[in-house]
Amino acid sequence: MKTDCVIAGGGPAGMMLGYLLARAGVDVVVLVKHADFLRDFRGDTIHPSTLDVVHELGLLDEFLRRPHDELRDVALRVGGEQAQIADFRHVPTHCKFLMMMPQWEFLDFLAGHGRKLPHFHLLMQTEALGIVSENGRVVGLTARQPEGELEIRATLVVGADGRHSTIRAQAGLRVQDLGAPMDVLWMRVSRKPGDPPDLFGQIDAGRMLVMIARGDYWQCALLIPKGTDAAVRARGIAALHESILGLSPWLGDRVEELVDWDQVKLLTVTVDRLQEWAKPGLLCIGDAAHAMSPIGGVGINLAVQDAVAAARLLAAPLREHAVDLAALQRVQRRREWPMKVVQGMQLAMQDRMIKPILAASGPVRMPGFMRLLGRVGLLRRIPAWFIGVGVRPEHVR
Ligand SMILES: Cc1cc2nc3c(=O)[nH]c(=O)nc-3n(C[C@H](O)[C@H](O)[C@H](O)COP(=O)(O)OP(=O)(O)OC[C@H]3O[C@@H](n4cnc5c(N)ncnc54)[C@H](O)[C@@H]3O)c2cc1C
């Protein structure tokens, strides 16, 4: 097979890049490992700046008709004290809310629009296995399908295959591991009228639970110290119920909906970044270039922003089949510092907040700056702007 650009990975970064390049007249092949996009417990947030991109593509009205929730407030309870800490009503974007949408809806939406373009080719059940190099340049990749293996030759290979990227490992790109003190257990509990609204974080000695309103259920993320999943499971499901009830007693007997550990999924948290995102013929974007912590739920937005920048900078050279290393490095230069600012904030939150909370055995107090956010409504616009819009939002021309 031959194409202009082959993209390994059909997550937010890969699907957005594939769609944008095909829309710009570049022949693209996107490889998706699974038979469909249906997997639960992935990041499901669509940020106002990503919604601006969808708006600029002229697809927003149709997108908003897909099932979603709109979050305008974020609240936090620490010990017995509660505060609103972010207000999205004033973000300087078209949509003034954080959208919660199952990630498969977002990916399916992009795939549907991509398939209408003659240059967009989506290969499902196709797993990238390795890269093909010739004379010091990456010239394609090998992949496995149920029918057998194939080789795809391309002017550019993009690794958008997430934080365990095969492509970046095969390319020998150096990864800097920045560390994370926690892992996350994901689960669902039903939601009832009268429950707290929207997005809700709860913290107490040694525990933190984030609850995201999803229609008739709560998507719950329980933070546990890194590497303790087996120990937590060994304590039994009743101990898990107790942990959750200790933070959210108002859930009552709803915790018993969690009857066994199959309903609880471990997501290991990794925070890392590549020193070089590119080598001749190859570029990594999204989590493959910089795995993001779940703090702030910004990973999808950054992956999409990488894709928008990459499409804008590379569409013309790709059409001319002349993509040199300098062009690929321009993508890294454009996106690296916004990513470093966000990762820097995440690392500071991990060290100054998450680590002490998970290590605490006594009462935990609301940090002073969060108390201030709770008291001064105007200040709540700052975290909403940082999370919802972020540093250097990208635009589609
Ligand atoms: C616990 C946890 C919770 C999170 N919650 C949020 C959140 O609420 N909001 C948010 O914005 N971000 C969240 N994130 C981060 C977010 O999931 C990522 O930053 C984001 O999905 C990155 O997008 P991506 O397209 O770069 O990679 P991915 O979303 O990882 O997509 C990569 C795709 O490539 C596929 N793939 C992998 N290997 C191959 C291969 N060899 N061949 C073909 N395909 C392959 C994978 O199956 C996957 O579909 C969370 C992360 C964690 C760990």
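The following is a working chat about a predicted model, its ligand, its cysteines and its internal spaces.

Biologist: What should I know before reading this one?
Modeller: The model is predicted, so local features need pLDDT of at least 70 and side-chain atom pairs count only at pLDDT 80 or more, while totals for chains, interfaces and linings use all residues. Residues are numbered from 1 along each chain as its sequence is written, and side-chain values use heavy atoms, with hydrogens and water left out.

Biologist: How many residues surround the ligand, and which are the closest?
Modeller: There are 33 of them, the closest being T45, A128, D287, G297 and I300. A residue counts as near if one of its heavy atoms lies within 4 Å of the molecule.

Biologist: Which polar backbone atom is 2.9 Å from an oxygen atom of the ligand?
Modeller: One of A13. A polar backbone atom of P12 is 3.2 Å from a ligand oxygen, and for G299 a backbone N or O atom lies 3.3 Å from one. A polar contact here is a pair of N or O atoms within 3.5 Å.

Biologist: Changing topic: how many disulfides?
Modeller: Zero. A disulfide would be a pair of cysteine sulfur atoms within 2.5 Å.

Biologist: Why does C5 have no bond?
Modeller: Because the closest cysteine sulfur, in C284, is 12 Å from the sulfur of C5, too far for a bond.

Biologist: Is C5 buried or exposed?
Modeller: C5 is buried, with a relative accessible area of 0%. C95 is buried too, at 4%. Buried means under 20% relative accessible area, exposed over 50%, and partly exposed in between, using a 1.4 Å probe and protein chains only.

Biologist: How many cavities of 30 Å³ or more?
Modeller: The count is one, and the largest cavity holds about 80 Å³ of space. On a 1 Å grid over the protein atoms alone, a cavity is a set of points where a 1.4 Å probe fits but cannot get out; a pocket is an open set with protein on both sides within 12 Å along at least five of seven lines; lining residues have an atom within 4 Å of a point. A volume is the space filled by probe spheres set on the points, which are joined across faces, edges and corners.

Biologist: What lines the largest cavity?
Modeller: The lining includes V298, N301, R335 and F386. α8 gives the most, with three residues.

Biologist: And the volume of the second largest pocket?
Modeller: About 220 Å³. The pocket is lined by 14 residues, with R207, I224, V232, R235 and S243 nearest its centre.

Note on methods
Polar contact = N/O pair within 3.5 Å; in protein donor to acceptor, adjacent residues only side chain to side chain. Helix = DSSP H or I, 4+ residues; strand = E, 2+ residues; numbered from the N terminus.
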